[in-house]
Amino acid sequence: MASSPLRLSPAPIKFGTDGWRGVLGVDITVERLLPVAAAAAQELTHRAPEGLRSRTVVIGFDRRFLAPELAEAIASAVRGCNLEPLLTSTPVPTPACSWAVVERKALGALVITASHNPPEWLGLKIKGPFGGSVEGDFTAAVERRLAAGGITAPIAATSHCFDGRGEHLEGLRRKLDLTALVTGLKAMNLRVIVDPMHGSAAGCVSDLLGPEASELVEEIRTNRDPLFGGHPPEPLAPYLSDLITAVQQSTAAGTPAVGLVFDGDGDRIAAVDENGRFCSTQLLMPLLIDHLARARQLPGTVVKTVSGSDLMRLVADAQGRDVLELAVGFKYIASEMLAGEVLIGGEESGGVGFGMHLPERDALFAAMLVLEALVEGGQPLGSRLDALQQHHGGASHYDRLDLRLQDMEARRRLETLLESSTPQEVAGAAVVEVNTTDGIKLRMGASHWLMLRFSGTEPLLRLYCEAPDADRVGAVLAWAKHYAEAA
């Protein structure tokens with residue numbers, strides 16, 4: 001695995017769309033992490049809802065290098081705030097911490113994870129008493145506490161531990177008819193191949209579906225590997241060759257398969273259809289909207305981010321559902337879930353949440369609902385998605401390109417250029433609409449757009465494109481890459 005040279009000094013402590021993250025040993029050190037955890041715990045106490053008497057802060061961690069040890073360290077910081085840390089006994093998917101907060105009526109959770117970031121990264125996520133990620137005003141207050149100083153000293157002691165993974169899985173069992181799901185999968189003769197990408201969701205699908213499904217379920221890359229096989233544990237097609245091959249081989253041998261993949265901390269999902277096609281939430285969200293609104297007839301609005309496929313809106317419109325479009329970041333979706341009735345909310349990057357569950361992404365719950373939708377439709381994933389697209393105006397294609405910029409100064413130059421001289425044409429097509437909800441989205445027609453958005457944590461430009469065919473997607477992304485590099 002090729003790594004970039006380490007920076008010689010840490011970046012300022014600044015929270016992104018979901019937590020504070022950075023390079024382990026440079027940005028993330030014990031000396032820096034302890035005051036951040038203490039400031040977060042103090043802010044959780046300060047903002048505790050009226051009537052919440054708990055002094056408990058749930059602490060979880062993923063499978064990254066030193067994550068268990070740093071989780072124990074921040075427990076000391078929480079104790080220093082005169083609060084009670086409750087530590088998961090094993091690595092857990094981040095949604096397990098959200099579940100524990102709600103079930104135990106805790107003040108919130110602190111999770112040691114860098115989610116889908118490269119292997120050398122680590123970080124801290126903060127969950128509020130409602131179970132979802134805290135918003136920007138909360139993290140800004142944490143940053144102000146750090147700047148003011150006076151953070152309390154940590155207190156070393158033996159932490160109380162609990163089975164966060166097991167409690168989360170048991171909670172999912174109560175919300176799903178897994179017996180009917182397994183029966184349906186057997187009737188379809190549909191094999192389920194799971195890739196947790198060496199992350200903390202390993203073994204969870206097998207445990208959920210139980211021994212009755214042992215002949216149907218196979219999991220790969222379940223061992224802990226802090227290097228994640230040399231790639232970021234992000235559910236993107238270039239990192240899933242093993243899963244794609246396994247699915248194709250099963251289908252070719254006469255047993256159609258569906259691949260399910262989770263990111264490093266188990267809050268993002270993607271899939272692979274029976275033909276080996278990568279299916280991001282650009283395709284899974286429309287499937288879930290259709291299933292929950294039409295088949296389950298559950299109430300609520302559809303919430304999508306500005307980078308989400310137009311197909312999401314088309315399916316929602318067909319089911320008579322209102323659609324709300326927000327900036328990227330699940331915390332914005334969570335706010336809508338807390339404020340009103342939401343059927344489903346999701347991001348292009350794999351985060352999906354449900355109004356009848358948590359105001360947070362939960363990839364395991366989403367995976368079970370995807371399987372439920374396939375059983376209800378009686379078709380494997382690829383056939384089901386093709387039929388859905390044709391019913392709603394024909395297929396479109398999508399891809400995303402992450403372009404690493406030279407440094408933060410290059411990012412600032414490009415931001416200035418986009419703001420002062422917004423492109424009026426993209427790869428030969430006129431821009432008919434400009435959306436600046438998050439980054440800049442240039443629309444050239446129906447299901448035909450390009451979006452440029454900067455990462456909240458790295459000098460990285462994310463290029464998103466949806467177009468009527470794959471060649472057009474490639475042409476637009478190539479144009480955008482050239483445009484960005486020439487700035």
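1. In this note, contact between helices means heavy atoms within 4.5 Å. The model under review is a predicted one. The points below take up helix packing and then enclosed and open space.

2. Helix 6, residues 178–188, and helix 12, residues 363–377, have axes that come within 9 Å and cross at roughly 50°. That angle makes helix 6 oblique to helix 12, since only values under 35 degrees count as roughly parallel and those from 65 to 115 as roughly perpendicular. The crossing of helix 6 past helix 12 is left-handed. On the helix 6 side the contact is formed by L178, L181, G184, L185 and M188, which meet M368, L371, E372, L374 and V375 of helix 12. Sorted by class, the residues in this contact are 8 nonpolar, 1 polar and 1 charged.

3. Helix 1 (residues 30–46) packs against helix 4 (residues 136–148) at an angle of about 125°, and their axes are 9 Å apart. Helix 1 is thereby oblique to helix 4, and the crossing is right-handed. From helix 1, the residues P35, V36, A39, A40, Q42, E43, L44 and H46 meet F138, A141, V142, R145 and L146 in helix 4. This contact comprises 9 nonpolar, 2 polar and 2 charged residues.

4. For helix 9 (residues 281–295) and helix 13 (residues 381–391), the packing angle is about 80° and the axes lie 10 Å apart. The two helices are therefore roughly perpendicular to each other. Helix 9 contributes L283, L284, P286, L287, D290 and R294 to the contact, and helix 13 contributes L381, R384, L385, L388 and Q389. By class, 7 of the contact residues are nonpolar, 1 is polar and 3 are charged.

5. The structure contains 2 cavities of 30 Å³ or more. The largest has a volume of about 280 Å³. It is lined by 26 residues, and those closest to its centre are T17, H116, R268, R453 and R462. Helix 11 and strand 22 (460–467) each provide at least two residues of this lining. The lining of the largest cavity divides into 3 nonpolar, 12 polar and 11 charged residues.

6. The second largest cavity has a volume of about 50 Å³. Its lining consists of F15, G16, T17, D18, G19, I126, S133, V134, T139 and K331. By class, 3 of these residues are nonpolar, 5 polar and 2 charged. T17 deserves notice in the viewer: this residue belongs to the lining of the second largest cavity and is also listed among those closest to the centre of the largest cavity.

7. Turning to open space, the second largest pocket holds about 390 Å³. Its lining is made up of 20 residues, with E415, D438, G439, R453 and F454 nearest its centre. Helix 11 (330–339), helix 14 (408–420) and strand 21 (448–454) are the elements that give two or more residues to this lining. The largest share, 4 residues, comes from helix 14. The lining of the second largest pocket divides into 7 nonpolar, 7 polar and 6 charged residues.

8. Two features link this pocket with the largest cavity. R453 is among the residues nearest the centre of the second largest pocket and among those closest to the centre of the largest cavity. Helix 11 gives two or more residues to the pocket lining and supplies at least two to the lining of the largest cavity.

Terms used:
Residues are numbered from 1 along each chain as its sequence is written. This is a predicted model: local features need pLDDT of at least 70, side-chain atom pairs count only at pLDDT 80 or more; totals for chains, interfaces and linings use all residues. Side-chain values use heavy atoms; hydrogens and water are left out. On a 1 Å grid over the protein atoms alone, a cavity is a set of points where a 1.4 Å probe fits but cannot get out, and a pocket is an open set with protein on both sides within 12 Å along at least five of seven lines; lining residues have an atom within 4 Å of a point. Grid points are joined across faces, edges and corners, and a volume is the space filled by probe spheres set on the points. Ala, Val, Leu, Ile, Met, Phe, Trp, Tyr, Cys and Pro count as nonpolar, Asp, Glu, Lys and Arg as charged, and the others, Gly among them, as polar. Axes are lines fitted to C-alpha atoms, for helices over the stretch in contact, and angles run from 0 to 180 degrees between N-to-C directions. Angles under 35 degrees count as roughly parallel, over 145 as roughly antiparallel, 65 to 115 as roughly perpendicular and the rest as oblique. A crossing is left-handed if the near helix is turned anticlockwise from the far one by less than a right angle, and right-handed if clockwise.
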